[in-house]
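Here are a few exercises to work through with the structure open beside you. Try each task yourself before reading the solution.

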Amino acid sequence: EDARYAADAGADMLGFHLSKRSLHYIDPAKAATICDALRQELGESCPLLVGIFINELVSTITGLANKVGIDAIQLSGDESDSIIKELRIPSFKSVQPMNKIMALDDIKYYSPHFQHDDRLPSLLLDPYFTGQAGGEEASKEMVAAAKEDVPRLMVTGGFTPENVAARLQEFQPWGVDVNKGIEVQLNDKDQEKIKAFIDAAISV
């Protein structure tokens with residue numbers, strides 16, 4: 001229900017946490033049912049369906065991706081570039097560098113494997129400073145540095161319906177990702193927050 005609501009509200013991508021290491025884990029069989037229903041009901045207007053993995057083997061990722069029927073893979077652990085190279089499904093890396101130098105190192109390391117599909121981010125950046133004192137300025141500096149070398153930079157961390165429009169104007173990334181910012185509690189999405197967040201993001 002939440003996935004369909006987000007799709008109807010205008011989400012471009014929907015993520016499914018398929019690693020048991022994740023607090024947001026969803027059973028693959030349930031995820032497959034949701035993905036099938038979305039495609040049948042929405043057809044070509046269905047958002048991209050992304051499987052999120054944390055430090056899994058290529059064989060595990062591929063097997064679950066095929067079982068669920070996802071369009072792309074987000075790697076959110078300590079995966080090496082060789083993992084992306086081995087995967088036959090479009091993939092992108094999520095990184096959480098502790099400073100600008102580490103961010104630039106991550107970009108240099110993963111850039112040979114940036115996706116050419118302009119519907120997907122080249123890289124997902126979660127600024128380490130989000131929520132810390134002085135973190136907003138440090139995050140802005142990191143995003144600005146990353147944008148110079150990342151064609152399609154998606155940013156996550158600390159976004160809410162109340163701040164997403166202002167932060168989009170300030171950071172000007174290719175896209176944003178949200179999870180906790182639209183929850184009332186762990187794994188319990190608030191549909192009013194979903195709509196408010198997407199409306200605010202689209203307004204920029």
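Helices and strands here are DSSP runs, with at least four residues for a helix and at least two for a strand, and they are numbered from the N terminus. Keep in mind that this is a predicted model.

**Exercise 1. Find where Ser22 sits, and decide whether this residue is buried or exposed.**

Step 1: Look between S1 and H2; Ser22 is in the loop there.
Step 2: Bring in the cut-off: buried means under 20% relative accessible area.
Step 3: Ser22 has a relative accessibility of 11%, so Ser22 counts as buried.

**Exercise 2. Work out which partners Ser22 has.**

Step 1: Leave out residues up to four places away in sequence, and Ser22 touches His17 and Ile54.
Step 2: Check the side chains: those of Ser22 and His17 are joined by a polar contact of 3.1 Å.
Step 3: Now look at the backbone: the nitrogen of His24 is 3.0 Å from a polar atom in the Ser22 side chain.

**Exercise 3. Follow the chain from S1 to S2 and describe the unit they make with H2.**

Step 1: Start at S1, residues 13-17, where four of the five residues are buried.
Step 2: Pair S1 with S2, residues 48-53: the two run in the parallel sense and share five bridges.
Step 3: Pick out one of the pairs: His17 has Ile52 as its bridge partner in S2.
Step 4: Add H2, residues 28-42, and you have a right-handed β-α-β unit made of S1, H2 and S2.

**Exercise 4. Lay out the open sheet: what is the strand order, and which strands are at the edges?**

Step 1: Seven strands go in the order S1-S2-S3-S4-S5-S6-S7, with parallel pairing.
Step 2: S1 and S7 (175-177) each pair on one side only, and that makes them the edge strands.
Step 3: From one strand to the next, the twist averages 30 degrees.
Step 4: Zoom in on S4 (residues 91-95) and S5 (residues 123-125), a parallel pair with three bridges. Here Lys93 stands opposite Leu123 of S5.

**Exercise 5. Look at Asn55 and Asn187: what is phi for each, and where is each found?**

Step 1: Asn55 has a phi near 55 degrees, a positive value in a residue that isn't glycine. Asn55 is in the loop between S2 and H3 (58-68).
Step 2: For Asn187, phi is near 65 degrees, again positive in a non-glycine residue. Find Asn187 in the loop between S8 (183-185) and S9 (188-189).
Step 3: With a relative accessible area of 32%, Asn55 is partly exposed. Asn187 is partly exposed at 40%.

Key
Residues are numbered from 1 along each chain as its sequence is written. This is a predicted model: local features need pLDDT of at least 70, side-chain atom pairs count only at pLDDT 80 or more; totals for chains, interfaces and linings use all residues. Side-chain values use heavy atoms; hydrogens and water are left out. Buried means under 20% relative accessible area, exposed over 50%, partly exposed in between (1.4 Å probe, protein chains only). Two strands pair if DSSP finds at least two bridges between them. A crossover is right-handed if, with the strands pointing away from the viewer, the path from the first strand over the helix to the second runs clockwise. Axes are lines fitted to C-alpha atoms, for helices over the stretch in contact, and angles run from 0 to 180 degrees between N-to-C directions. A polar contact is a pair of N or O atoms within 3.5 Å; within protein, one must be able to donate a hydrogen and the other to accept it, and residues adjacent in sequence count only if both atoms are side-chain atoms. Contact means heavy atoms within 4.5 Å.
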